[in-house]
Amino acid sequence: MLKQYSFEETAVQSFDAQTTLALKTEDLQVFYGANHAMHDANLGFPKNQITALIGASGSGKSTYLRSLNRMNDGIATVTGKIWYHGVNINEPNVNIYEIRKHIGMVFQRPNPFSKSIRENIVYALKANGVKSKADLDERVEKSLRGAALWDEVKDTLDKSALSLSGGQQQRLCIARSIAMAPDVLLLDEPCSALDPISTVKVEETLLELQKQYTIIIVTHNMQQAARVSSQCAFFHLGHVMEYTPTGTMFSNPQIPVTQDYIAGSFG
Amino acid sequence: MEQTNLQLNKPDSQTNEWDARLHHATRATREDWVGRGISYLCIGAIILVVASMLWFITSKGIATFTQNHVSVLKFLTGTNWAPDTGHIGAAPMIVGSFAVTFAAAIVATPFAIGTAIFMTEISPNRGRKLLQPVIELLVGIPSVVYGFIGLAVVVPFMRHLVGGSGFGIISATFVLFVMVLPTITSMTVDSLRAVPRYYKEASLALGATRWQTISRVILRSATSGILTAVIFGMARAFGEALAVQMVIGNAAVMPKNLISAASTLTSQLTSGIGDTIDGTLPNNALWSLALILLLMSLFFNALVRFIAKRGQLKHER
């Protein structure tokens, strides 16, 4: 039986004016019909850092993440504010296609298109009017290098992306996202379908990528959060309970619910 | 605790008993046999029916060439169809059949794809509630009704619009268009629904617009399914007899334009089969037309299988 924890007792950090934030949410709420899936999420994401969102299944972390680049449009009702470069992007008249170019997303299950490796990466570029072959080739190489996949696939760029291993497919999806040169990269449990060795590769890639991108990663795996993230937010039943630097979260959790989750009492 | 026998590969005192127990038939094994027997019987019966139909049509159809000594080439390319006087050039009907088939498919496919996109991507709810029943209804209407509407509405309309009798390829195309539309649409809908959701998500997350996602990802990965749908539609158009016969005019002459009377393999078959005597050239000639129809449907079938196989290779992951 899951213990009842008070949703009043939270420990959510906010950042001072010196910290540059890439993205920030204010009182973000998500409803699936009558189901209130996310309550008042007030989180800021420091630029060029990896922030991990952890919590049990159904805690709302994926729902929250998907709201950030408006992937919940048409699926759920999202209220509250999402600040990006001083603009609230959670408004109906905002161009969602522009948002998604700047805030990229990688999904739980590797989902390359059934096209060649090259076509997967240039897909979005072509859709945005990049035509020159030289430009496209350059972006392909750059993004594959960024996702640490270049050396493995440089000779087989025209082979089907579906012939790659699961880990390679996931890194291709990361490459596909960064080809659009986004600011922020959202990752929804990117390693949950991967074996440990592929997971290590993806994690190394992320640690390298944080120099250029702000990364927000949802993970089930607390060790993964500890390994890659600088900030860590703990979600519980649709509430953000604790948000602290990762070191603090794992060595000195502030409130009982986090202590129990970190200790493995539930989840 | 009993003594453990580690040497299982050597017979012991109880082996005979176990041998009997493990080999005798029970209710379960007998049910297996009966079930398997019934399945094989049914499969055998179906194979027998199909094989004998193939044999029957083929043997009757080649009689024109073996007994009446008409050359195959002349039959396929000759343009004079007058079996009573010994002229059997089937080219007018072959051309007529292909003309109405391709024309109907070309006209119907854009409508079908548009409807299918609306039903799956644009408005899935209204699509399912409104359009699905409409399409199912269109499939269920007997072809004689389509023919009758064609005769009562389309033919006079064409007569009024372009002059002439109103009978002809264009009227047949119009009727076939309505008849193949539901076939192509419903199969296209199935293939669009089969496109994995995560393709769509991946594309949208990259900032692609709805239209880009539909045209470059969804339609692209459903291509083999859509092609299959179009071929099924063509097979239906190619084989449709009654409705076509009622509006095409049934003149066994090479069609010169889209609005003069023409005929197809099927319309010639249905209108001619009652007037001929078994075993004579006119009768054999009709069987030869039937043979062409059979070969074409086998061809359509093979094409569908070929496309399905290629599509499968592409989607393997």
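# A walk through chains A and B

Chain B splits into two parts: domain 1 covers 15-61 and domain 2 covers 74-315. Before you click any further, keep in mind that this is a predicted model.

**Stop 1: the two domains of chain B**

Select 15-61 of chain B and give it a colour, then select 74-315 and give it another. How far apart are the centres of domain 1 and domain 2 of chain B? Taken over C-alpha atoms, the answer is 38 Å. Now look for the place where the two domains meet: 4 residues of domain 1 of chain B are in contact with 6 residues of domain 2 of chain B. The domain 1 side of that meeting place is made up of 1 nonpolar, 2 polar and 1 charged residues.

**Stop 2: chain B as a whole**

Zoom out and show chain B as a cartoon. You'll find 14 helices and 2 strands. Turn the view along the principal axes, and the C-alpha atoms of chain B fill a box of roughly 100 × 65 × 30 Å. The radius of gyration of chain B is 28 Å, while a compact globule of 317 residues would come out near 20 Å. If you colour by burial, 35% of the 317 residues of chain B count as buried. As for contacts in chain B with a separation of 6 or more, 73% of them come from residues 24 or more positions apart.

**Stop 3: the annotated stretches**

An unreviewed UniProt entry lists several stretches of chain B under "transmembrane region", among them 37-57, 130-155 and 217-238. Pick 37-57 of chain B to begin with: that stretch is 100% helix and 0% strand, and its end C-alpha atoms are 30 Å apart. Then move to 130-155 of chain B, which is 92% helix and 0% strand, with 30 Å between the end C-alpha atoms.

**Stop 4: two single residues in chain B**

Select His69(B). You should land in the loop between helix H3 (63-66) and helix H4 (72-77) of chain B. Phi of His69(B) is near 55°, a positive value in a residue other than glycine. Is His69(B) buried or exposed? His69(B) is exposed, with 8 other C-beta atoms within 10 Å.

Next, try Ile214(B), which sits in helix H10 (residues 210-221) of chain B. Ile214(B) counts as partly exposed, as it has 19 C-beta neighbours inside 10 Å; a residue needs 20 or more to be buried. Which residues does Ile214(B) contact, leaving aside its neighbours within four places in sequence? Show Ile117(B), Glu121(B) and Leu219(B), and you have them. For a distance to try in the viewer, draw a line from the C-alpha atom of Ile214(B) to that of Phe148(B): they are 66 residues apart along the chain and separated by 38 Å.

**Stop 5: where the chains meet**

Bring chain A into view and look at the boundary. Here, 19 residues of chain A are in contact with 18 residues of chain B. On the chain A side, helix H2 (96-102), strand E8 (103-106), helix H3 (117-127) and helix H6 (166-178) each supply at least two of the touching residues. Sorted by class, the chain A side has 10 nonpolar, 5 polar and 4 charged residues.

**Stop 6: chain A as a whole**

Hide chain B for a moment. Chain A has 10 helices and 12 strands. Its radius of gyration is 19 Å, close to the 18 Å that the globule rule gives for 267 residues, so chain A is as compact as a globular protein of that length. The C-alpha trace of chain A spans about 55 × 45 × 40 Å along its principal axes. Burial comes to 49% of the 267 residues of chain A.

**Stop 7: strand E10 and its partners**

Select residues 214-218 of chain A, which form strand E10. Because 5 of the 5 residues of E10(A) are buried, the strand is largely enclosed by the rest of the structure. Switch on the side chains: Thr214(A), Ile216(A) and Val218(A) point one way, Ile215(A) and Ile217(A) the other way, and all are buried.

Now add strand E5 (residues 50-55) of chain A, which pairs with E10(A) in the parallel sense over 4 bridges. Ala52(A) has Ile217(A) as its bridge partner there. Strand E9 (residues 184-188) of chain A also runs parallel to E10(A), joined by 5 bridges. Look for Val184(A) opposite Thr214(A).

**Last stop: Asp27(A)**

Finish on Asp27(A), in strand E2 (residues 21-32) of chain A. Its phi is near 45°, a positive value in a residue other than glycine. With 11 other C-beta atoms within 10 Å, Asp27(A) is exposed.

Notes: Residues are numbered from 1 along each chain as its sequence is written. Chains are lettered from A and ligands numbered from 1 in the order in which they are written. This is a predicted model: local features need pLDDT of at least 70, side-chain atom pairs count only at pLDDT 80 or more; totals for chains, interfaces and linings use all residues. Domain bounds come from an automatic or database domain assignment. Two residues are in contact if their C-beta atoms, placed from the backbone, lie within 7 Å. Ala, Val, Leu, Ile, Met, Phe, Trp, Tyr, Cys and Pro count as nonpolar, Asp, Glu, Lys and Arg as charged, and the others, Gly among them, as polar. A residue is buried if 20 or more other C-beta atoms lie within 10 Å of its own, exposed if 12 or fewer, and partly exposed in between; C-beta atoms are placed from the backbone. The radius of gyration is taken over C-alpha atoms; the globule rule is 2.2 Å times the number of residues to the power 0.38. UniProt positions are given in the numbering used here, feature names are shortened, and annotations may be inferred rather than shown by experiment. Two strands pair if DSSP finds at least two bridges between them.
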